Amino acid sequence: MGAPVPAAGQRQVAKKVPVPTNYRNAVKYVRLAVEQRLNVDAQIEQDKHFRCGRTLVGRVLSNLPKIDALYGQLELATKEPRLDVCMARVLIAELMFGSGRLVGNSRPVECVRQYAEQLQSALATVEANAPAAGQIKEPRFVRLNTSVLNLEGSRRLLQEEQWILVEEQFADYRAFLERVKTLGEAEYLEDFHFADLLVFPHSAKSFWARATHLHGQFVLQNKACLLPTYLLKPTKKSVVLDMCAAPGLKTTHLACLMKNKGRIYAVERCAHRYTTLCQYASEHGVIKTMHRDCLDLTDEQVPGVEFILLDPSCSGSGMLKRQQVPEPMDEPRVYKLAGLQYKLLSHAMNAFPHARRIVYSTCSLYQQENEGVVHGVLRHNGHFRLLDARKEFGKEWLNVGDGDAYPGIGERCLYARTEDDLTIGMFVAVFERCPEGYENEVYRAHEKQKESYERVALRYGITGKEGQQQEQQQQVEDAGAGQEATGKGSKKKAGGKRAAAEPEQQVESASGEADVVQKKRKKKSKQVQEA
């Protein structure tokens, strides 16, 4: 039986072709991640009807700057106003960075498919103009959860998964990095610096996205994020404060370094991020989570804090996806962030009297958030000093801060840079409480400069009624000293030398009272001569 024929005068309506379910689900999670800035990993894992979700959504989020650049270059917002932005992102990601083809014949799919050649051309332009860091194919770093797995155990598990350990010795860090760049599809390395970190090739990201059965023993964490926790050096049974703890990867690493002994206060203000923090921290009894603003914390609420990790909100300019496409610095936003970072670091130094070591880190490459904040805090807090982070690290590292712009500060701070270290961009500074009676050199120099300014202000820069009164009083005293000098020759010479040493402006600005005294002296001298 054939399809019904429309009656005369009736217009045949084409049946709407639905968008494939996987694309619609991906759009939902991309919207949550981009517009509401939520961590959607847990939701995707619980979605049993979206088994390829982690791959699809991860592909969009990891290439988002490039995708948005393509969307803007082709002016799809103007040319295709009915095409949803998040749907366009998902489809462009699949076409350019995924399988290279789109499924189905729905309107959004057909709409993006017709721009395939233009998208390829635009992508070549974007990648050609990308900075050096944006062209790096970063490796997949994996940290061992040493609470449940040691290095030998990890070797057995990975051997069962058909991974081959490259057992080579390297003369230096650069030689290690060159070997990382040439890792085979099934090879991996144990890290040059950290015994609990493994390095896999870039292609291994798809394996670790699927290997959910290993996520309890292994943690997907970038190498640069281990720098702050290792440099904090918390001892077993110590008390640690993680002031901006979410999502919790650094917090759980601290728990592993402390052998799950002592106490870690993990603080987070944002409700959504606090939920994620609690999920990560649930397996570590040493961690106590706190949903509150760390600026309101007092020593009574977190008693006995000795070590503080501060990794605050920042511009994120060191994140890999931010480096894919050049973007100008948002100066007003960076200025506000630097102000918040200064407040947080100052609070860490002053609110907890037992704190003896503080590590400050950001995933930003802007000096305003890094060396600038460190300089400002040291200038106003003399009781903490900046340690040489490279010496504290104790191993070879390639990049430090800008010692020319910030002498005495820049060269003591560490940077992780994507183009050199194959990691995200990271900044780390290490502070230590000064011994009793000692103040850091930046604070001393600032105080000395303040005293100098105050002396200059008192001498030349005082204005207003009070300043005028002090100036007139000084002039009267000077005039009186000159009158006393007329009766004694030796004092007259001394007074003449002093007057000659005074600035010319002060001589010209003598008050009327001094003029009267001088006239009386001349009149008296004339009367003596006539007698």
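## Salt bridges

In this predicted model, Glu168 and Arg179 are joined through their side chains by a salt bridge, with an N to O distance of 3.2 Å. Glu168 belongs to the loop between strand S2 (164-165) and helix H10 (173-181), whereas Arg179 lies in helix H10, so the contact ties together parts that are 11 residues apart in sequence. Glu168 is partly exposed, at 39% relative accessible area, while Arg179 counts as buried at 16%.

The structure holds 22 salt bridges. One of them connects the side chains of Lys66 and Glu127 at 3.6 Å, N to O. This pair links distant parts of the chain, 61 residues apart: Lys66 is in helix H4 (residues 64-73) and Glu127 in helix H8 (residues 116-128). Lys66 is buried, with a relative accessible area of 9%; Glu127 is partly exposed, at 35%.

A further salt bridge, 2.9 Å from N to O, is formed by Glu432 and Arg385. Because Glu432 lies in strand S14 (residues 426-433) and Arg385 in strand S11 (residues 384-387), the pair ties together parts 47 residues apart in sequence. Shared salt-bridge partners also join Arg31, Glu35 and Asp84 into one network.

## Aromatic pairs

The model contains 16 aromatic pairs. Among them, Phe170 and Phe176 meet edge-to-face, with 5.5 Å between centres and 85° between planes. Phe176 is buried, at 2% relative accessible area. Ring pairs link both residues with Tyr173, Phe192, Phe194, Tyr230, Phe393 and Trp397 into a cluster.

## Positive surface patch

Arg37, Lys321, Arg322 and Arg333 form a positive patch on the surface. Arg333 is located in helix H15 (residues 331-350) and is partly exposed, at 34% relative accessibility.

Note on methods
Residues are numbered from 1 along each chain as its sequence is written. This is a predicted model: local features need pLDDT of at least 70, side-chain atom pairs count only at pLDDT 80 or more; totals for chains, interfaces and linings use all residues. Side-chain values use heavy atoms; hydrogens and water are left out. Patches are made of residues with over 30% relative accessible area and no salt bridge: like charges are joined within 9 Å, nonpolar side chains (Val, Leu, Ile, Met, Phe, Trp, Tyr) within 5 Å. Accessible areas come from the Shrake-Rupley method with a 1.4 Å probe; for residues, only the protein chains shown count as cover. A salt bridge is a side-chain nitrogen of Lys or Arg within 4 Å of a carboxyl oxygen of Asp or Glu. Lys and Arg count as positive and Asp and Glu as negative; His and the chain ends are not counted. The place of a charge is taken as NZ of Lys, CZ of Arg, CG of Asp or CD of Glu. Helices (H or I, at least four residues) and strands (E, at least two) are DSSP runs, numbered from the N terminus. Buried means under 20% relative accessible area, exposed over 50%, partly exposed in between (1.4 Å probe, protein chains only). Rings of Phe, Tyr and Trp (its six-membered ring) pair if their centres lie within 6.5 Å; planes under 30 degrees apart count as stacked, over 60 as edge-to-face and the rest as tilted.
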